[in-house]
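Biologist: I would like a close look at the sheets of this model. Please go through how the strands are ordered and paired.

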Amino acid sequence: MLRKKTVFNIFIFGGLLFLFLAPLTQAGIGNVDGNSAVLENSRIPNSATTVDTSISIKNFTRVTTVNESGILSYDDSYIFINDGPNTHTSLLFGLVAAEAEDLVYFQAYDQNMGPLTGQLSELKLNETHILQVILSEPLLPYSEITINMKVALRGFIQYNYLYGQFIAHIYITPKSPYPIDYYTSEVHVPFSATDVSMSDPFSYVGPLGVGLENVHRFYAGSTAAFQELDNTISYSDPQADIIQVNKLDRRITVNPWGYIGIEEDYYIQSFSGGYITDLTLSLPQDYTNLKFSDNLGEILGATKAEEVNDDGTVDVNLVFMTNRAPLQYGQVMYFRMHYELPLDQYLSHNFGKKNLAIDMLPTKCNYLIIELNSRIELQNARSIERINLDFEQIVETADGIVIETHDSYVTNFHSTNFDVTYRTNGFLMVDRAILFSFIFMALGALYVTISNRREKSDDIVISATAIPITELQQFVTLYEEKNAVAIELDSLEDKYLRRKVQKKAFVREEKTLNNKKKELEGEILPFKKSLLEASSAVAAVIQKLDYLEAEKISLKDSIRNLNNRYRKGKLPSKAAYDKLSQDFIKKSANSQRKIDRNINELRAYLI
C-alpha cells in the first residue's frame with residue numbers, strides 16, 4: 001500500500017514538474033511582429049565647411065606603436081581650448097589621404113574614457129580628410145576639453161623577410177585643422193628590435209633610458225593648422241613572428257539549456273623569415289571545454305596563462321610542435337577552435353523574453369584578420385523584438401534564427417557589443433519539459449521497483465524557497481540610493497582633481513556624502529542578511545554586487561596612488577601615466593555598468 005502511494009506521489013510530482021518547466025521554457029506564443037529590428041546607431045550631421053579659428057589644441061600627446069602584425073596605431077590625447085564666443089558640439093580631426101584610405105579602426109573617448117560617436121566625413125578641407133566627433137558635453141566659450149583618440153592603420157609598415165627589416169612611415173603629429181600649441185610624440189617598437197634609425201634624424205631625440213629602450217622620442221614643438229610632420233623609422237628583427245589571418249569563420253551558438261558555443265575556423269599564413277612554432281589567442285576568462293583540431297584530428301599543446309588580462313580575457317598559447325609541423329614563410333595553416341561560455345553570464349529573462357548581450361568578437365588576437373564571417377545561431381528563437389546593430393542577413397530556420405555578418409580588416413582593438421531581445425518557440429521548449437518530466441517519472445518508478453523490499457519509504461517532499469518580496473524591494477530601493485551617492489562621490493572627486501571645486505567645499509561635501517552612505521549601509525544590512533538566507537538566486541546577485549563594489553574601491557585606490565606617484569615624479573613619462581590612468585578609469589566605469597545591470601536584475605524579481 002505504501003509503495004502504491006509513493007508511485008502515485010511520483011506521478012503527481014512529475015505533473016507538477018511539467019507545469020513548472022513549461023512556463024519557464026516558453027517565451028510566449030502570442031501574436032507579435034516578425035524580425036523587426038530597432039537600430040540604435042545615431043546619425044551624425046555633416047561637418048562644417050569652415051574651421052573655427054578660435055579653437056586651438058593647447059596640448060597634444062601621441063604614442064605610436066609599430067605592431068609586427070602589420071598594424072600601425074596611434075594613441076592620441078588632445079586638450080582643445082575655445083577662445084571664442086561660440087559653443088561647439090563637435091570637433092574635427094584631420095587625416096592625410098593615405099591614412100583615410102588605409103584606416104581600419106578609430107574610436108574617440110572623452111576625458112573619462114567614455115566612447116564618443118564619430119565618422120569619416122565626405123568633406124575635405126585643405127586636401128585633408130576630416131573625422132568629425134560628436135562631444136558628450138559641448139565645448140563652451142572660453143573653456144577647454146580633453147579628447148582621446150585611438151587610430152589603427154594598415155599598409156604603413158613594410159617588411160623585408162630576407163633581412164628581417166621593418167620600415168614604417170609615421171606621422172609625428174596629425175594633420176589637424178586646428179593649430180597645436182605644444183606637442184610631444186614618441187614611437188614604440190618591439191623590445192627585440194635592433195638597428196633603429198630615422199629618415200629625418202633632426203626631429204629625433206633617441207631612445208629612452210634603461211628598461212625603455214623600445215621607446216623612441218621626438219623633439220617637442222608646435223604646428224600650424226593643416227601642417228604635416230612625418231618621419232620614417234626602420235629597424236631589424238629577424239626573430240619576429242608575423243602571422244596574418246586570411247580568413248576567420250566564427251559561429252556563436254546560443255543553446256537555451258546552459259551554454260554558448262563558440263566555434264572558429266582559422267586560415268592563418270606566415271610571413272616570417274624563420275619558423276613559427278606557436279601562436280597566442282585571448283579568450284574570455286570564463287571559457288570551458290577548449291579544443292583545437294584540424295582535418296587530421298585534435299591539436300595538442302594548448303596552455304592557459306595564470307594571469308587575467310586587463311580586458312577580462314586570458315591568454316591561451318598553442319604550440320604546433322606537439323603534434324604538428326611549424327609554419328614557414330608563405331605557408332597557410334587551417335585549424336578549428338571550440339570552447340563554451342556560461343549562458344547565465346550573457347542571457348537574461350524577462351516576461352517570456354530573452355535578452356542576449358555578448359561581444360561578437362569574443363576571441364582577441366594580435367593579428368590582422370583580413371576577412372571575418374560571423375554567424376549567430378539563436379536556437380529555438382521565434383522572433384526578434386529588438387536588435388542594436390544592422391546585420392546583412394537574418395534568416396528564420398527550423399531550429400531558430402540565424403544572424404550573419406561579414407567584416408574585413410579586423411584588429412585586436414575592435415569590439416562589437418551585440419544586444420538582442422527575442423522570443424523563443426514555446427512548443428520546442430515544452431517538448432523538452434515533457435521529456436524531462438517523463439525521465440523523472442521513469443527514474444522514480446525504477447527507484448520504487450528496486451526498493452520493494454524496504455518496509456518503509458519516505459514520501460517525496462516538494463519544497464521551494466520563496467523570495468521575500470518586501471525585503472527585496474526595500475533592499476533594491478536603498479541600494480539604488482547608495483549607488484547614486486557613490487556615483488556622486490566619484491563625480492565630486494573628479495571635479496576636485498580637475499580643480500573645479502575648492503578644497504574646503506570638497507571636504508565638506510565629501511563628509512556629508514560619506515555619512516549618508518554609511519547611514520544607508522546600516523539600513524541595508526538587515527534586509528541583506530534576510531535575502532542571503534532566503535533565496536540562493538538573489539544571494540548570488542547580492543554577492544556579485546559586493547564583489548563589484550570591492551573591485552571599484554580597489555580601482556579608486558589605484559587611481560589615487562597613480563596620481564600621487566605622478567605628482568612626485570616617480571613615473572617614467574606622462575604618456576605612461578595617461579595610459580594607466582585611462583585603463584583604471586575604463587575598468588571603474590565597467591564595474592559601475594555591471595553594478596547597474598545587477599541592480600536591474602534584482603528589480604526584475606519585483607515585476
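Modeller: The account below takes the sheets, then the charged side chains.

This is a predicted model, in which local features need pLDDT of at least 70 and side-chain atom pairs count only at pLDDT 80 or more, while totals for chains, interfaces and linings use all residues. Residues are numbered from 1 along each chain as its sequence is written, and side-chain values use heavy atoms, with hydrogens and water left out.

Strands here are DSSP runs of E with at least two residues, and helices are runs of H or I with at least four, both numbered from the N terminus. Two strands count as paired if DSSP finds at least two bridges between them.

One open sheet has three strands in the order β19-β23-β22, with antiparallel pairing. β19 (278-284) and β22 (302-308) are the edges; each has a single partner strand, so one side of each lacks a neighbour in the sheet. From one strand to the next the twist averages 25°, where axes are lines fitted to C-alpha atoms and angles run from 0 to 180 degrees between N-to-C directions. Seven bridges join β19 to β23 (residues 313-319) in the antiparallel sense, and D278 has V319 of β23 as its bridge partner.

A further open sheet contains eight strands, ordered β21-β20-β24-β18-β17-β27-β30-β29, and its pairing is mixed. At its edges are β21 (297-298) and β29 (393-397), each paired on one side only. Within this order, β17 (residues 243-255) and β27 (residues 368-379) are parallel over nine bridges; D249 has N373 of β27 as its bridge partner.

Strands also carry charged pairs. A salt bridge is a side-chain nitrogen of Lys or Arg within 4 Å of a carboxyl oxygen of Asp or Glu, and by this rule there are 28 salt bridges. One of them joins D76 and R62 at 2.7 Å, N to O. D76 lies in β2 (residues 71-82) and R62 in β1 (residues 55-66), 14 residues apart.
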